[in-house]
Amino acid sequence: QVRLVESGGGLVQAGGSLRLSCAASGTTSLIASMGWYRQAPGKQREPVAHITSGGSTNYADSVKGRFTISRDNHDFTILLQMNSLKPEDTAVYSCYADVNSGRIGTRRYWGQGTQVTVSS
């Protein structure tokens with residue numbers, strides 16, 4: 001069982017920056033990878049950024065060059081540094097963790113989500 005708690009969302013003007021944090025607790029030694037999704041009103045949830053235990057990262061094309069995901073394996077926290085924010089980045093951002101679960105492979109756990117609003 002893994003619990004994820006996000007923080008850092010809020011309201012910012014276009015061009016500004018925010019940093020999201022996601023802290024994992026529980027059986028964190030089994031976490032294989034973590035990342036962020038987002039969902040804007042009326043739109044499907046979409047992946048934003050992903051980071052493996054080894055530090056490999058992937059980003060959605062829409063955020064490449066503006067967002068940076070990082071991971072502290074010591075305390076199982078991931079950060080999403082968001083720069084040059086645009087109004088279209090407005091969404092609820094949710095953290096996830098993929099946890100090794102033996103025979104069933106991996107199981108994904110989710111945080112509660114944090115609102116990011118970018119004003120024009």
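Start by selecting glutamate 46 in this predicted model. Glutamate 46 is partly exposed, because its relative accessible area is 32%, between the 20% and 50% cut-offs.

**Stop 1: a charged pair, and then a network**

Keep glutamate 46 on screen and add arginine 38. The two form a salt bridge, and their closest N and O atoms are 2.6 Å apart. In general, side chains of opposite charge can pair when their charged atoms come close. Is arginine 38 buried or exposed? Arginine 38 counts as buried, at 5% relative accessibility.

Now add aspartate 89. Its side chain meets that of arginine 38 in another salt bridge, 2.9 Å from N to O. Colour the chain by strand to see where the two partners sit: arginine 38 belongs to strand β4 (residues 31-39), while aspartate 89 is in the loop between β8 (77-82) and β9 (91-100), so this pair ties together parts that are 51 residues apart in sequence. Aspartate 89 is buried too, with a relative accessibility of 1%.

Select Arg66 as well, and you have the full group: Arg38, Glu46, Arg66 and Asp89 are joined into one network by salt bridges that share partners.

For another example, go to lysine 64 and aspartate 61. Their side chains form a salt bridge with an N to O distance of 3.1 Å. Here aspartate 61 is exposed, at 65% relative accessibility. The structure holds 5 salt bridges.

**Stop 2: the loop at alanine 60**

Select alanine 60, which you will find in the loop between β6 (57-59) and β7. Show its surroundings: leaving out residues up to four places away in sequence, alanine 60 touches Pro47 and Val48. Try the distance tool on the C-alpha atoms of alanine 60 and histidine 50: they are 9.1 Å apart in space, and the residues are 10 apart in sequence.

**Stop 3: the nonpolar core**

Hide the charged side chains and select Leu4, Met34, Trp36, Leu80, Met82 and Tyr93. These have the most contacts inside the largest nonpolar core, which has 31 residues. Several strands give two or more residues to this core, among them β1 (2-7), β3 (18-26), β5 (46-52) and β7 (67-72). Which element gives the largest share? That is β9, with 5 residues. In soluble globular proteins, nonpolar side chains tend to be buried together.

Zoom in on methionine 82. Setting aside neighbours within four places in sequence, its contacts include Leu18, Leu20, Phe67, Tyr93 and Val116.

**Stop 4: an open sheet**

Switch to a cartoon view and select β1, β3, β8 and β7. In that order they make an open sheet of 4 strands with antiparallel pairing. Look at the two edges: β1 and β7 each have a single partner strand, so one side of each is left without a neighbour in the sheet. On average, neighbouring strands of this sheet are turned by 15° against each other, direction ignored.

Between β3 and β8, which run antiparallel, there are 6 bridges. To see one of the paired positions, select leucine 20 and leucine 80 in β8, which are bridge partners.

**Stop 5: the disulfide**

How many disulfides does the whole structure contain? A search finds 1. Select cysteine 22 and cysteine 95 to see it, with the sulfur atoms 1.9 Å apart. Cysteine 22 is in strand β3 and cysteine 95 in strand β9, so the pair ties together parts that are 73 residues apart in sequence. The torsion about the S-S bond is about -75°, so this disulfide is left-handed. Cysteine 22 is buried, with a relative accessible area of 0%, and cysteine 95 is buried with 0% as well.

**Stop 6: strand β11**

Finish with β11 (114-119), and show its side chains. They alternate: Thr114, Val116 and Val118 point to one face and are buried, whereas Gln115, Thr117 and Ser119 point to the other and are not.

Next, bring in the partner strands. Strand β2 (residues 10-13) pairs with β11 in the parallel sense over 4 bridges, and glycine 10 has valine 116 as its bridge partner. By contrast, β9 and β11 run antiparallel and are joined by 3 bridges. There, valine 92 has glutamine 115 in β11 as its bridge partner.

Notes: Residues are numbered from 1 along each chain as its sequence is written. This is a predicted model: local features need pLDDT of at least 70, side-chain atom pairs count only at pLDDT 80 or more; totals for chains, interfaces and linings use all residues. Side-chain values use heavy atoms; hydrogens and water are left out. A salt bridge is a side-chain nitrogen of Lys or Arg within 4 Å of a carboxyl oxygen of Asp or Glu. Buried means under 20% relative accessible area, exposed over 50%, partly exposed in between (1.4 Å probe, protein chains only). A nonpolar core is a set of buried Ala, Val, Leu, Ile, Met, Phe, Trp, Tyr and Cys residues joined through side-chain atoms within 4.5 Å. Contact means heavy atoms within 4.5 Å. Two strands pair if DSSP finds at least two bridges between them. Axes are lines fitted to C-alpha atoms, for helices over the stretch in contact, and angles run from 0 to 180 degrees between N-to-C directions. A disulfide is a pair of cysteine sulfur atoms within 2.5 Å.
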